[in-house]
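User: Hi! I've got a structure here and I'd like to chat through its insides with you. Could you help me find my way around?

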Amino acid sequence: MSTLENITSSSIIFLLTGVPGLEAFHTWISIPFCLLYITALSGNSLILFAIVTQPSLHEPMYYFLSMLSTTDLGLSISTLVTMLGIFWFDAREISFNACLSQMFFIQLFTVMESSVLLAMAFDRFVAICSPLRYASILTDLKIAQIGVAIITRGTLILTPMVALLKRLSFCRSHVLHHSYCFHPDVMKLSCTDTRINSAVGLTALITTAGVDSVFIIFSYFLIIKTVLSIASPEERKKAFSTCVSHIGAVAVFYIPLISLSFVHRFGKKAPPYVHTLIANAYLLIPPVLNPIIYSVKTKQIRRGVLKVLQLSATKE
């Protein structure tokens, strides 16, 4: 085996990729990305601050929304440095250990977001199907336990997936196809048998987003069944309106995630910019759109955010 083939993972330096073929325009491309990051960070921070400071928002539904905003902030921060570093300074190099760390946190916040969306679906199910038991079921202690379970679940599932990458050696190109470290992308560069890694990665995806999506669909089946049994059209409309924001959040999370998984597995002949577009959409769309969806569709959140902005303006 040649010296090149004996390169171990600990000494590897990966090269991240911006937008293939448009490297000369990276400075200009960074402008919309900066706006998206500013929107994501400011929007989620505002919602989080409004929920923490406004007593009227200290309810289970908004506690879960604060968890969603926290995961969106984590997801944005996990990619901010490498993505803007590429566009602004052409800083493409990333060490293997730094790559693993970024990959772990991206995957962790993704799994946490999926789990939070499931918890929010359960919240809507209890509120509509068992309204009299809502306060007794979703106590502060129960919500805290759900939050701990979400973090623990993601950590236990993802740690083996990321740790198994350290057993690989890399003897081919070290150029990754995204502006951040993505598990399937790193595996493709290995000259070691990656069947175990692939199986563990697929298992992690199925047992998190796959299982969560099934339970979310099932919860909405029960919600729709309950709502349709309500005689009053006004009450039906009111019940459905409380789910609109959550349905929007589910859509903006799962559609890019499923699209990225399909492109990686079945779109090998697709142009490079397609991979780049979907990969960036997968990470940026949910953090950008979730605050907008909840601010527009949820009156209480809109009022809370406006109060925070008014207080800030008054202090200035």
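User: What volume does the second largest cavity have?

Analyst: About 60 Å³. Bear in mind that this is a predicted model.

User: Which residues line that second largest cavity?

Analyst: Its lining is made of Met61, Phe64, Met120, Asp123, Arg124, Thr242, Ser245, His246 and Tyr294. By type, they divide into 4 nonpolar, 3 polar and 2 charged.

User: And which helix gives the most to it?

Analyst: That's α3, with 3 residues. At least two residues each come from α2, α3 and α9.

User: How many cavities of 30 Å³ or more are there in the whole structure?

Analyst: The search finds 2. The largest has a volume of about 320 Å³, and of the 25 residues lining it, Gln107, Phe182, Gly201, Leu205 and Ser261 are the closest to its centre.

User: Is the lining of the largest cavity mostly nonpolar, or what is the split?

Analyst: It divides into 14 nonpolar, 10 polar and 1 charged. The helix that gives the most is α7, with 8 residues, while α3, α5, α6, α7 and α9 each supply at least two.

User: Now pockets. What's the volume of the largest one, and what sits closest to its centre?

Analyst: The largest pocket has a volume of about 620 Å³. Of its 22 lining residues, Met61, Arg124, Lys238, Ser241 and Thr242 are the closest to the centre.

User: Which helix gives the most to that pocket lining?

Analyst: α8 does, with 4 residues. Helices α2, α3, α8, α9 and α11 each bring at least two. By type, the lining has 9 nonpolar, 7 polar and 6 charged residues.

User: Phe182 came up for the largest cavity. Which aromatic pairs is Phe182 in?

Analyst: One is with Tyr180, an edge-to-face pair at 6.4 Å centre to centre with 85° between the planes. Another is with Tyr282, also edge-to-face, at 6.2 Å and 65°. That second pair links distant parts of the chain: Phe182 is in the loop between α5 and α6, Tyr282 is in helix α10, and they are 100 residues apart.

User: Are those residues buried or exposed?

Analyst: Tyr180 has a relative accessible area of 0%, so it counts as buried. Phe182 is buried because its value, 10%, is under the 20% cut-off. Tyr282 is buried too.

User: How many aromatic pairs are there in the whole structure?

Analyst: There are 10. Ring pairs also link Phe14, Phe96 and Phe170 into a cluster.

User: What does Phe14 touch?

Analyst: Leaving out residues up to four places away in sequence, its contacts are Arg92, Glu93, Ile94, Phe96, Cys99, Phe170, His174, Leu176, Val186 and Leu189. Phe14 is also named, with Leu117 and Tyr180, among the residues with the most contacts inside the largest nonpolar core.

User: How many residues does that core have, and which helix gives the largest share?

Analyst: The core has 83 residues, and its largest share, 17 residues, comes from α3. As background, nonpolar side chains tend to be buried together in soluble globular proteins.

User: Last one: where is Thr71, and is it buried or exposed?

Analyst: Thr71 is in helix α2. With a relative accessible area of 1%, Thr71 is buried. Beyond its neighbours within four places in sequence, Thr71 is in contact with Phe109, Met112, Glu113 and Val116.

Technical notes: Residues numbered from 1 in each chain as written. Predicted model: local features only at pLDDT ≥ 70, side-chain atom pairs only at ≥ 80, totals over all residues. Heavy atoms only, no water. 1 Å grid on protein atoms, 1.4 Å probe; cavity = no way out; pocket = protein on both sides within 12 Å on 5 of 7 lines; lining within 4 Å. Points joined across faces, edges and corners; volume = space filled by probe spheres on them. Nonpolar A, V, L, I, M, F, W, Y, C, P; charged D, E, K, R; others polar. Core = buried A, V, L, I, M, F, W, Y, C linked by side-chain atoms within 4.5 Å. Buried < 20%, exposed > 50% of the residue type's maximum accessible area, 1.4 Å probe, protein only. Contact = heavy atoms within 4.5 Å. Phe/Tyr/Trp six-rings, centres within 6.5 Å; stacked < 30°, edge-to-face > 60°.
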